[in-house]
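Here is a set of short exercises to work through with the model open beside you. Try each task first, then follow the solution step by step.

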There are 2 protein chains.
Amino acid sequence: MFDKKIVLLVGGVGGAKLAYGLYKIMPPEKLTIIVNTGDDFWLYGLRICPDLDTITYTLSGLVNPETGWGIHNDTTTTLSALERIGEAPWFKLGDQDLATHMLRTQLWHEGYSLTEITQRLTRVLGIQCNVLPMTDAPVETSIDTVERGELSFQLYFVKHRWQPTVRSIKLNGVEDASVSAAAREAITQADAIIVGPSNPWLSIKPILDVPGMKDALITQNVPRVAVTPLIKGKAVKGPTAKIMRELGYPVTITTVAETYRDIINGFVLDQRDADTVITGMQTLAIDTLMDTHEKRVNVAQKLLDWLEKWT
Amino acid sequence: MFDKKIVLLVGGVGGAKLAYGLYKIMPPEKLTIIVNTGDDFWLYGLRICPDLDTITYTLSGLVNPETGWGIHNDTTTTLSALERIGEAPWFKLGDQDLATHMLRTQLWHEGYSLTEITQRLTRVLGIQCNVLPMTDAPVETSIDTVERGELSFQLYFVKHRWQPTVRSIKLNGVEDASVSAAAREAITQADAIIVGPSNPWLSIKPILDVPGMKDALITQNVPRVAVTPLIKGKAVKGPTAKIMRELGYPVTITTVAETYRDIINGFVLDQRDADTVITGMQTLAIDTLMDTHEKRVNVAQKLLDWLEKWT
């Protein structure tokens, strides 16, 4: 069994699939998942961290298997009551899900860091690996769009269903953010670093943009590999390909590899793209589609086998 | 039909019964209900205003008829989910009820006053009378107890079920509070002022303690009457009698009338106490028990008839 220490960088649903696969086959205490918090926001007074929750719900088994986010069989009584009092809620908040946001917000106001809050929430749900926010500072991804001007992340992504054309993306507040002590410690001890198959611009770039993060990663003289979010020029889910087009990039795995070139030394591409040559780094071509639990475990296993033999 | 302008001062469940009765038989636009906000507090990041909600739910017909507070047929999915993540919730938050707190909190953070928020919440639920918080300032009733020292109101009242012995009661933050413009306007225009059958120490005193409130009330040369919260030395519900004992007062309606003497010129006692003489003010003895909708309307009607004939 692979028993080295892994740090995985992820966003939400796509990254959670690989997180799940790794979690199932590794000693959990050797796995640290560093999660994007650029999507976090305040709604109805509550602090909502969609990517952290998606990872937490996925690893704890609570997740809704149909959506990949939210809680299985959750109800929406509160949302219906919000409609009765004149609201038109555009962000889905399940009744069980609300408890997570409420406890997080309570602890936030009591002065606990997001790292501490996340550790408490993951531990109480029985998660044995280390789930960490990329930073404890509140940073906010903001999308400048052609049709609607600047939109906060959730307005862009959920309310407008990522349909507006992206002009640019920025991470507000990042200049005052820093890598948390826990994330830095995990990176320092990592035997391998994996960039998950998340959206490179919306999910991974915010993590890499936290001051000190890139330096911490590249200081590690270990395998640092990214898993492709594209198969044959298409995203498995979400707006990765659409955003690449809108930002003027060729929608290819080469673009993704180039985007990560300053931090990675290995790239996992899908076997359907096996003829694409990625220069200057080691590559692995496998079936990266993770549409079943079994395939998630298979991808994780092939990835760990590769890292085990890394030279 | 009585068509004068009434201002009613109330706390929660007890006062809501009279509020309901008056609301059913008066032109609603002539009724203003000024509600205690000393019980308000923050929980899980949400601003909760129990007395305002009890009045709102009662007048809108949403109220749980068995408890007199909360929403009829509400569920507690979120509370159960909070238990799953290690909480032991002591304050009951129904799933529908949560929507009220969430919208209020959202508007609060957006900078709306509690008066504006309350007007929006009552209007959207179809309430046609004027429901106002006693002040827009966040004030907090705090109870000094023999057994547990100082407790915030909800810890005393809900968590410890008003069992600790009361040593004293104070209203934190009241020195910086003021009567809102809307409450002052309603009082200035009132043809009669009614102090509801709420707990004099926990519900009515906080209202009277808001700087400027007593002066505004006594300036009105109109009937200013209190409805007894006691029948034969017992409270219909809640800790009124217990607190009177603990504070060293005789548990009689005379004590209640004396407590209000500087602001009232009339007192409604229960017919079971008709032999008690209250000096220096007009009195009315009626059946004050309001355990059915019909009896609430009856009490309101007798009260208005009395005020109509006031000399």
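**Exercise 1. In which loop is the place of Arg161(A)?**

Before the solution, two notes on conventions. This is a predicted model, in which local features need pLDDT of at least 70 and side-chain atom pairs count only at pLDDT 80 or more, while totals for chains, interfaces and linings use all residues. Residues are numbered from 1 along each chain as its sequence is written, and chains are lettered from A and ligands numbered from 1 in the order in which they are written.

Step 1. Arg161(A) sits in the loop between helix H6 (153–159) and E8 of chain A. Helices (H or I, at least four residues) and strands (E, at least two) are DSSP runs, numbered from the N terminus.

Step 2. Look at the backbone: phi of Arg161(A) is near 45°, a positive value in a residue other than glycine. Most residues other than glycine have a negative phi.

Step 3. Count the neighbours: Arg161(A) has 10 other C-beta atoms within 10 Å and is exposed. The cut-offs are 20 or more other C-beta atoms within 10 Å for buried, 12 or fewer for exposed, and partly exposed in between, with C-beta atoms placed from the backbone.

**Exercise 2. Describe Asn73(B) in the same three steps.**

Step 1. Asn73(B) is in the loop between helix H2 (50–60) and H3 of chain B.

Step 2. Its phi is positive, about 60°, although Asn73(B) is not a glycine.

Step 3. Asn73(B) counts as exposed, with 9 C-beta neighbours inside 10 Å.

**Exercise 3. Work out the order of the open sheet that holds E6 of chain A.**

Step 1. The order is E7-E6-E8 (chain A), an open sheet of 3 strands with antiparallel pairing. Two strands pair if DSSP finds at least two bridges between them.

Step 2. Find the edges: strand E7 (149–152) and strand E8 (166–172) of chain A each pair on one side only.

Step 3. Check the twist: on average, neighbouring strands of this sheet are turned by 25° against each other, direction ignored.

Step 4. Follow one pairing: strand E6 (residues 140–145) of chain A is joined to E7(A) by 4 bridges. Within this pair, Thr145(A) stands opposite Gly149(A).

Step 5. Add the helix: H8 (residues 200–209) of chain A lies across E6 and E8 of chain A, at about 40° to E8(A). Axes here are lines fitted to C-alpha atoms, for helices over the stretch in contact, and angles run from 0 to 180 degrees between N-to-C directions.

**Exercise 4. Is strand E2 of chain A enclosed or open to its surroundings?**

Step 1. In strand E2 (residues 31–35) of chain A, 5 of the 5 residues are buried, so the strand is largely enclosed by the rest of the structure.

Step 2. Take the faces in turn: Leu31(A), Ile33(A) and Val35(A) are buried on one side, and Thr32(A) and Ile34(A) are buried on the other.

Step 3. Find a partner: strand E1 (residues 6–10) of chain A runs parallel to E2(A), joined by 5 bridges. Val7(A) stands opposite Thr32(A) there.

**Exercise 5. How is chain B superposed on chain A, and what does the contact take from each?**

Step 1. A rotation of 180° with 0.0 Å of shift along its axis does the job, with RMSD 0.0 Å. The two copies are thus related as by a two-fold rotation axis. The fit is by least squares on the C-alpha atoms of residues with pLDDT of at least 70 in both copies.

Step 2. Find the residue of chain B that comes closest to the axis: Gly45(B), at 3.1 Å (C-alpha).

Step 3. Turn to the contact, which takes 24 residues from chain B and 24 residues from chain A. Residues are in contact if their C-beta atoms, placed from the backbone, lie within 7 Å.

Step 4. See what chain B offers: helix H3 (77–84), helix H4 (95–109) and helix H5 (114–124) of chain B each supply at least two residues of the side that touches chain A. H4(B) gives the most, with 10 residues.

Terms used. Two residues are in contact if their C-beta atoms, placed from the backbone, lie within 7 Å.
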